[in-house]
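Hi everyone, thanks for coming. Could you pull up the sequence and the structure on your screens, so that we can walk through a few spots together?

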Amino acid sequence: MSERFRVVPVAQADESAFGDETDGDSVFDTGGGEGERAERRGSVPILQYSREPNKYGDGNPRESSPFIHNTDDYKGTLYDGKNMALFEEEMDSNPMVSSLLSKLANYTNLTQGVREHEEADEDEGAKKKTVKSPQMGTFIGVYLPCLQNILGVILFLRMTWIVGTAGILESFIIVSMCCSCTMLTAISMSAIATNGVVPAGGSYYMISRSLGPEFGGAVGLCFYLGTTFAGAMYILGTIEIFLTYIVPSAAIFKAEEKAQEAEVMLNNMRVYGTCCLTLMAVVVFVGVKYVNKLALVFLACVVLSILAIYAGVIKTIFEPPVFPVCLLGNRTLQNHGFDKCLKTEMIDNVTVTTKLWSLFCEGPELNASCHEYFSLNNVTEIQGIPGLTSGVISENMWASYGPASMLVEKALPSEPAAASPQDQYMPYVVNDITTFFTLLVGIYFPSVTGIMAGSNRSGDLRDAQRSIPIGTILAIITTTIIYLSCTVLFGACIDGVVLRDKFGDSVKGNLVIGTLSWPSPWVIVIGSFFSCCGAGLQSLTGAPRLLQAIARDGIVPFLEVFGHGKANGEPTWALLLTALICESGILIASLDAVAPILSMFFLMCYLFVNLACALQTLLRTPNWRPRFKYYHWALSFLGMSLCLALMFISSWYYALVAMLIAGCIYKYIEYRGAEKEWGDGIRGVSLNAARFALIRLEEAPPHTKNWRPQLLVLLNLDSELSVKHPRLLSFTTQLKAGKGLTIVGSVLEGTFLTRDTEAKQAEQNIKSVMAAEKTKGFCHVVVSSNQRDGISHLVQSAGLGGMKHNSVLMAWPGNWRQSNDPQSWKSFIETVRETTAAHQALLVAKNVDSFPHQERLSEGTIDVWWIVHDGGLLMLLPFLLRQHKVWRKCKMRIFTVAQLDDNSIQMKKDLQMFLYHLRLNAEVEVVEMHDSDISAFTYEKTLVMEQRSQMLKQMQLSRTEREREIQSITDESRSSIRRKNQSGAHSSGVNNQNSQLDEENQDEAQLIHDRNTASHAALNDKADAAPERVHMTWTKEKFFTERNRNREPNTNMAVRDLFNMRPEWESLNHSNVRCMHTAVKLNEVVVNKSQGAHLVLLNMPGPPKNRGGDENYMEFLEVMMEGLNRVLLVRGGGREVITIYS
């Protein structure tokens, strides 16, 4: 509630509160605060509704804002400013209870057809129209509409045929299953409908808000397709009644032979159906109000037809109607081309043949050649409606399925005859389609749909939460009683051959159910005709509005065009699409073929209504508090299971197609649709599943076989809160390929109270970059007093339970030398230390902006320099990268370093065997790096590094003191070199020997990893460096210049200069010299072998334990990576991550 209301000032009585409003709106406007007035002295605040986007991000008002449409100006004092001063500062977010209750008391629901109240108005500043209070009760608003929608075309045109074909027992089972399905669905729907206000949107609204936009859109579109095909079915029923029973002579196409009758009938249905659809679409386009006014007439037709059936059944007890049926042997004849059920008759004592004779014989003569079966059997006439007390119920108890063209026969003795091709041209009553139990289920189920009619009218009801359950369930009970009683009564009153005669050919073309009615068959014919017309019009009215509601929700982008319509809101484009889809159903032209199609879509809709209720009940969502108490999750699951079973019973291939359509829509909405937060049950399922999985997931490290890098990606943001290195996320995507955990973190300096808005903005910026880089994961922005502490918090606390990161990915601070703030590189080193302490792997990418984005790399190599074993992460990372399309063409090369006492040949064989067992394909090369003297180049690099380090330590001094200190350091260095050069001729040799002895007595320097296993270089370069060329910084150009000069043949000059500089080196830290020596020599080897590689992976050395050498550590890493383009420094987490075992 608090997100949608704010407090605005209202002036005292002597001052106009709204004097500066130009549009005349009340304080409950929808302007989103644009016209907010400055607070006047002595004013008191009142509630104002705001339609600004709330925390959910979809820009729609929430259901927790129940009095959006209240337009009454409320100028009273809502609280006593003195008594409630303690709460005064929180009034913006927490309004007074008294003001809330005063508005809730005046709450009114929405009217039918208006947009859902959670959608924002198109014109924010437009005046609200006064909404009339809805007055419809349960009987008018729910019961009768449901009754009208449930009772329809199948009852009048197919019910008798289903009873005759399936028998009373199996028909009873079919009706019971279908009605039980709708009853269970109605119970679930009642629970959902009474759990808060259901605006005008009916089943789509309930499903989408309960199961989320993906399920809601998929099922909503299926429900739309079902409603549209229902319109096609009703139109086909209308045309069938018109052409078969009212005006048969109106057929455009005539059948010349009996075998062509079926095809000709379908063509007539297509032509007349298209014309009827066009006419109905025009009527709906011109004005829906005319359709609504005729609804009562259509309902009266249905009720009168039902009453006529029951009246006719009662009348058969006393006086059965006369509808004779002619049988030849035991075969039923079509009573069209003859008037008397006789072969011959006596006229003036002369035996003459009848019209029936002419149908089976070649001529009217008594000695004419006749059909064999006609000659062997006599004709008999029976009553088609023997009556309720005739005992015919025992004959109709059992099923009579058969293939297409099977003769409709009665259980009477007859003389058999050989089958003849001429039988299909004889006037027999035959099956037009192959019949079986599951087919009849699919054809019958549409007769129980329509239970959503009441919930669709929820906006017009006086008390929707009371009327919808009562009205819907009573309507289902009523229709169930009607269907079950009709099943029994039809079987008890009508002869079996007439029941199986789908089109009434045996009773002179009368509607079979009409022969039972009273006072005339025309009551049923006319009533069913208008009933089908009305149902078709209502389908063409409701389906476009349903599509419009889905389009306006914005969950299916390509449907947005159908959200527009005429100025009065009529969905013109949606109506056009509905008519086109409906036409496809009409072109099928067979009522029996269309019915199973719409059965699938309705059953899928009902299935998800039951699923929604069951999920909400089992999840025990706090907001799940329906007023309808007679529901249970077991009933919902039973209803869901019954719906699924009926789908596959009716037609397994239609069921699969419907599921495929729903699945495609679901994935499309998930992939392209707008994000919506509707508090749906699927979100609740996800939360519960995640909670269950996290609890089950042990916090202990996973087995080596299940280890994969779960990344914490540390991003840097610029002053505008934009991501500095988006390619870091690209690399994350390529490394993860959508698998495992990815947490993208960043740190803002400050306090959360002052920078919470900026933190949210930064999070949105990071999420947008993650979406652009296709990085799947979570985003976490921390506000901390300083960068170092924030990163420490992320490293320690990111993740939840067993789902925590085990690796940290970050970018190399490339400008650390130029930065005036030493915290930039100090924070980096502390991150290295903290990941080591947390036993987490660390990946540091150098020149990350040059890493590939989405473009595929050409053939090249990924080079791994395996100096020390840190768990195998170095070898696992290239394998994971090569799974991605960007790196797929790259080959993997592994280099390792051999020292003087190592057997390089055996090392290569062992490494190849190790990779073979690891199932990794890679080229192996062993690089020999023997002990060598430390070059002058290394000494000078170390000297410059230590001088720079000493200079950086003075950065805490004032600017004047800093400049003075730097100058003194420089002068002292140069004077020392100059002074020692004067007496260096006799002492340089002794010093050189002493230095070499010191180096032999000490262990070699540690650079790579903490285990002291680094190697020295194999080459001995002699440098030529004069004392006056000492620089305070060492540039890249200087590095290459000196390297080239080292290789010049002028050895005598190099040796002489080396001895000239020797006195200055005595003051250097020998450990730093050895580390620099290792970095320089290793860099030379790596550059020589891997300068052209697409990516170089190196072991990352650990930081020094003595924090005083941190800046030297950065220099060692910089030297080690000098001259390489893309480098990934890798530091293991202290555990094995790759194994040779299965």
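I'll go through one strand, one helix residue, the cysteines and some aromatic rings. Keep in mind that this is a predicted model.

Let's start with strand 17, residues 1127–1131. Is this strand buried or exposed? Well, five of its five residues are buried, so the strand is largely enclosed by the rest of the structure. In general, side chains in a regular strand alternate between the two faces of the sheet. Here, Val1127, Leu1129 and Arg1131 point one way, while Leu1128 and Val1130 point the other way. And yes, that puts an arginine, Arg1131, among the buried residues.

Who does strand 17 pair with? On one hand there's strand 12, residues 841–846, which runs antiparallel to strand 17 with five bridges. On the other there's strand 16, residues 1095–1099, which is parallel to strand 17 with four bridges. If you want one residue to click on, pick Leu1128: it's the bridge partner of Ala845 and also of Leu1097.

Okay, now jump to helix 6, residues 261–286, and find Asn268. Its relative accessibility is 2%, and anything under 20% is called buried, so Asn268 counts as buried. What does its side chain reach? The backbone nitrogen of Phe253, at 2.9 Å. Setting aside neighbours within four places in sequence, Asn268 also touches other residues, including Leu243, Ala251 and Gly273.

Next, cysteines. How many disulfides are there? The count is two. One links Cys326 and Cys341, with the sulfurs 1.9 Å apart. Cys326 sits in strand 3 and Cys341 in the loop between strand 4 and strand 5, so this pair ties together parts that are 15 residues apart in sequence. The link is right-handed, with 75° about the S-S bond. Both ends count as buried, Cys326 at 2% relative accessibility and Cys341 at 13%.

The other disulfide joins Cys361 to Cys370, at 1.8 Å from S to S. That link is right-handed too, with 105° about the S-S bond. If you number the bonded cysteines along the chain, the pattern is 1-2, 3-4.

Then there's Cys533. Why does it have no bond to Cys276? Cys276 holds the closest cysteine sulfur, but that sulfur is 5.7 Å away, which is too far for a bond. Cys533 is buried as well, at 14% relative accessibility.

Last stop, aromatic rings. To describe a pair of rings, you give the distance of the centres and the angle of the planes. This structure holds 22 aromatic pairs. One of them is Phe242 with Phe529, a tilted pair with 6.5 Å between centres and 35° between planes. Phe242 is in helix 5 and Phe529 in helix 15, so the pair ties together parts 287 residues apart in sequence. Phe242 is partly exposed at 24%, whereas Phe529 is buried at 18%. Trp652 and Tyr653 make another pair: their centres are 5.5 Å apart and their planes are at 85°, so this one is edge-to-face.

You can also look for a cluster made of Phe223, Phe445, Phe602 and Tyr606. And charges can sit over rings too: the charged end of Arg331 is over the ring of Tyr373, 3.7 Å from its centre, and the charged end of Lys502 is over the ring of Trp161, at 4.1 Å.

That's my tour, so over to you for questions.

Key
Residues are numbered from 1 along each chain as its sequence is written. This is a predicted model: local features need pLDDT of at least 70, side-chain atom pairs count only at pLDDT 80 or more; totals for chains, interfaces and linings use all residues. Side-chain values use heavy atoms; hydrogens and water are left out. Buried means under 20% relative accessible area, exposed over 50%, partly exposed in between (1.4 Å probe, protein chains only). Helices (H or I, at least four residues) and strands (E, at least two) are DSSP runs, numbered from the N terminus. Two strands pair if DSSP finds at least two bridges between them. A polar contact is a pair of N or O atoms within 3.5 Å; within protein, one must be able to donate a hydrogen and the other to accept it, and residues adjacent in sequence count only if both atoms are side-chain atoms. Contact means heavy atoms within 4.5 Å. A disulfide is a pair of cysteine sulfur atoms within 2.5 Å. Rings of Phe, Tyr and Trp (its six-membered ring) pair if their centres lie within 6.5 Å; planes under 30 degrees apart count as stacked, over 60 as edge-to-face and the rest as tilted. A charge sits over a ring if NZ of Lys or CZ of Arg is within 6 Å of the ring centre and within 35 degrees of the ring normal.
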